[in-house]
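Here's a walk through this one, going from a single helix out to the way the chains sit together. Keep the structure open as you read.

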Number of protein chains: 2
Amino acid sequence: MYDEILTQLIIKNDTKALLLVADGIGGTTVGGRTELEAARTPNLDTLAKKSSLGLQYPVGYGITPGSGPGHLALFGYDPIKNQIGRGILEALGSGMVVKKGDLAVRGNFATLIDGKIADRRANRISSEESEKLVRQIRENATDIDGVRFDIKVARDYRFAVVFHDPELKDNIEDADPQHTGVPPRPAKARDKESERAAEIINRFIDKVTEILEGQMPANTCLVRGAANTPDIVPFEDRFGMKPQGIAVYPMYKGLARLVGMDTPPGLETYEQEIERLKETWADYDFHFLHFKYTDSAGEDGDFDRKVAMIEEFDSGLPEILKIEPDVLVITGDHSTPSSLKSHSWHPVPILINGRFAFQDDAGRFTEREAANHGILGHIPGMAIMMYILANCERLRKFGA
Amino acid sequence: MYDEILTQLIIKNDTKALLLVADGIGGTTVGGRTELEAARTPNLDTLAKKSSLGLQYPVGYGITPGSGPGHLALFGYDPIKNQIGRGILEALGSGMVVKKGDLAVRGNFATLIDGKIADRRANRISSEESEKLVRQIRENATDIDGVRFDIKVARDYRFAVVFHDPELKDNIEDADPQHTGVPPRPAKARDKESERAAEIINRFIDKVTEILEGQMPANTCLVRGAANTPDIVPFEDRFGMKPQGIAVYPMYKGLARLVGMDTPPGLETYEQEIERLKETWADYDFHFLHFKYTDSAGEDGDFDRKVAMIEEFDSGLPEILKIEPDVLVITGDHSTPSSLKSHSWHPVPILINGRFAFQDDAGRFTEREAANHGILGHIPGMAIMMYILANCERLRKFGA
């Protein structure tokens with residue numbers, strides 16, 4: 001946002017900001033109220049009364065953001081200009097590290113009988129079974145025609161592969177016939193630049209098929225979503241703040257790493273995330289902390305559990321606020337209404353607290369209060385980083 | 001804004017609009033209320049009850065506008081696409097006239113001892129002392145290698161120079177070492193086109209050094225911010241309204257002139273501005289009237305004085321309203337919260353009054369009322385001219 005002038009506006013100082021993301025926290029009304037409205041959130045209520053509220057659109061009006069675009073917007077990147085390919089997302093979600101110049105793909109174990117795809121998901125084998133196959137592949141191949149690769153189970157019969165070779169370009173048709181009863185379909189380059197990558201992917205499939213020969217139900221694989229690592233200006237170069245991303249799940253750690261955040265390993269609970277935040281507060285200028293469970297409950301269509309998860313998120317705030325951030329932002333990467341059982345396009349409440357934040361009339365952190373009384377109005381998700389920088393006094397005046 | 005279609009939409013008629021700008025009038029809460037909320041503003045309150053309110057962003061989310069970008073936005077120009085260089089702003093602020101093809105620079109008188117810069121600000125000599133030096137320079141040089149120039153004191157040890165030669169281009173590194181104890185640093189062209197300008201600037205510095213030889217503490221000068229006059233479509237060509245800009249301070253008169261407004265000379269008070277407005281109401285289609293003191297009080301960090309200045313601004317309204325404008329807009333060019341002692345990024349309340357303006361529920365001209373009840377919502381500053389034109393019925397229907 002404002003890319004033509006942003007660099008010239010950035011200044012550095014000692015202020016510190018905290019971005020708290022409760023995944024999918026926004027919702028829509030069910031019987032007249034949302035999960036946020038139904039929840040008992042004394043700590044959010046207190047904060048809301050002394051903060052600026054508004055509603056934010058991570059990507060745009062009516063657009064349902066995936067986790068990738070939702071977080072990129074919160075991190076201050078245009079989610080439409082900076083698209084993250086499926087292969088890269090699968091790799092990040094599997095906890096793999098992707099670097100500039102990598103090509104990542106999503107894979108399915110599949111069943112090949114008499115030269116035809118009999119089952120695109122190899123009878124949906126479990127993660128444990130896939131682990132065994134992946135180990136077998138690793139032991140029998142470390143490179144494809146000289147191209148090193150890493151492979152990791154994503155979930156059940158799904159895995160991710162990252163090829164390390166900057167020559168491999170991602171304009172490729174999927175090596176997946178999408179139907180059963182037909183022969184495997186090789187990857188096909190859509191342009192000359194991507195021919196080498198299509199060839200490597202096809203040789204990879206051949207190699208896997210060779211290694212797994214005779215095993216059932218998984219004796220081959222399908223490959224989709226070839227994608228290069230997006231070329232993203234690191235967060236610290238872009239905003240002048242040294243960032244840490246605190247998350248439990250690999251996907252969110254991966255997204256944080258993609259923009260150059262340090263991501264501590266080994267965290268398994270919200271309490272551990274908060275502990276880490278407190279321990280490392282002094283070491284970074286910008287901390288992102290991710291709370292997952294609001295989204296999971298929404299995805300399950302469980303209104304009451306989402307309410308409970310919002311209350312759990314709320315209960316952590318007193319401990320978090322002990323660090324006394326100069327600027328605090330609370331929001332979600334998208335809405336996940338339990339009535340939809342999925343991510344949605346509904347705007348997400350946002351709260352900005354800090355010394356110079358306007359204390360508006362919003363009395364609670366809810367969609368309705370933000371709409372009725374929020375001083376921020378409706379803003380694009382990527383405006384949030386602008387407000388964080390401004391409230392941190394890290395943006396100089398534009399023009400004299 | 002809407003540059004692709006604007007020209008085809010403009011129509012002319014006899015309506016007249018008034019844009020009242022109270023500089024830096026917006027704020028943020030201190031102990032729960034802003035300066036506008038604390039002020040007694042009976043006239044603004046009455047107006048607000050029969051007008052449309054909203055909040056406007058002169059440049060963008062989180063961006064703190066300088067006076068230049070803030071006013072350009074209000075005048076209907078994109079402040080990011082139409083940037084005004086530092087030298088031009090200093091010249092405008094010093095009351096100089098800049099024309100297309102001019103190159104303006106900012107200068108400091110400085111102290112040179114044994115070939116090294118000993119003081120970048122010549123012991124911060126006063127405006128009076130600088131006046132004497134500038135007179136001396138004027139008497140001894142009217143051109144540099146055939147290029148005519150004007151020089152004027154800006155304030156204290158600072159001055160502005162305008163070179164009149166369309167061949168001089170502004171892609172130039174400052175002739176300012178930024179440190180003391182080092183030799184002067186000549187201006188350097190960053191491209192071939194700007195080489196002649198760098199040469200003229202360096203010869204100007206040599207000439208000044210020659211003229212001031214033996215004088216202390218000001219015996220040389222540093223030069224920064226070389227800038228050509230921006231290429232701005234004149235207001236009347238763009239919007240079809242003949243404009244006047246009524247201001248006391250040189251900077252605002254200069255900004256008005258930059259977009260082609262007539263600017264009456266010799267005004268020193270708000271009362272005189274209002275008097276001029278009444279006298280010349282019939283002669284123009286569009287009047288801009290600038291009230292400075294709300295900003296000055298905010299810059300000084302004086303909450304109570306800003307409140308008093310808002311009340312003074314309010315007290316002038318009954319007299320102003322006697323002219324019965326068809327369309328009246330009241331806003332600021334940016335916020336200047338006294339808690340920040342500077343311009344800020346906080347959105348500025350805007351009020352639109354006219355026969356076709358929606359009477360919304362906002363009961364006062366405050367940030368909070370605009371956010372809670374304003375029909376206009378949050379708009380970019382450059383949208384204001386669109387609303388002025390629309391409410392003046394000076395925009396034809398777009399498409400059939």
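Start with helix α15 of chain B, residues 383-391, in this predicted model. Helix α15(B) lies across five strands of chain B, namely β1, β2 (52-57), β13, β14 (348-354) and β15. Against β13(B), the helix runs at about 160°.

Now look at the sheet under discussion. In chain B, 7 strands make up an open sheet with mixed pairing, and their order is β11-β12-β1-β13-β14-β2-β15. The edges belong to β11 (243-246) and β15 (378-380) of chain B; each has a single partner strand, so one side of each is left without a neighbour in the sheet. From one strand to the next, the twist averages 25°.

Zoom in on one pair. Strand β1(B), residues 17-22, and strand β13(B), residues 327-331, pair in the parallel sense, with 5 bridges between them. If you want a spot to click on, Val21(B) is opposite Thr331(B) of β13(B).

Next, the domains, for which we'll switch to chain A. Chain A splits into domain 1 (3-83 + 232-391) and domain 2 (88-228). The centres of the two domains of chain A, taken over C-alpha atoms, are 34 Å apart. Their contact draws 7 residues from domain 1 and 6 residues from domain 2 of chain A. On the domain 1 side, helix α9 of chain A (residues 250-258) gives the most, with 6 residues. Sorted by class, that domain 1 side of chain A has 4 nonpolar, 2 polar and 1 charged residues.

So much for the single chain; how are the two copies, chain B and chain A, related? Chain B goes onto chain A with an RMSD of 0.1 Å after a turn of 123° and a shift of 0.2 Å along the axis. The two copies are therefore related as by a three-fold rotation axis. In chain B, the C-alpha nearest that axis is the one of Asn372(B), at 3.5 Å. The copies use different surfaces, too: 3% of the contact residues of chain B recur in chain A.

Finally, the contact between the chains. It takes 31 residues from chain B and 23 residues from chain A. On the chain B side, α4 (67-74), α5 (86-93) and α14 (367-373) each supply at least two residues, and α14(B) gives the most, with 4 residues. By class, the residues on this side of chain B comprise 12 nonpolar, 16 polar and 3 charged.

Technical notes: Residues numbered from 1 in each chain as written. Chains lettered and ligands numbered in written order. Predicted model: local features only at pLDDT ≥ 70, side-chain atom pairs only at ≥ 80, totals over all residues. Pairing = 2+ DSSP bridges. Axes fitted to C-alpha atoms, helices over the stretch in contact; angles between N-to-C directions. Contact = placed C-beta atoms within 7 Å. Least-squares fit on C-alpha atoms with pLDDT ≥ 70 in both. Domains from an automatic or database assignment. Nonpolar A, V, L, I, M, F, W, Y, C, P; charged D, E, K, R; others polar.
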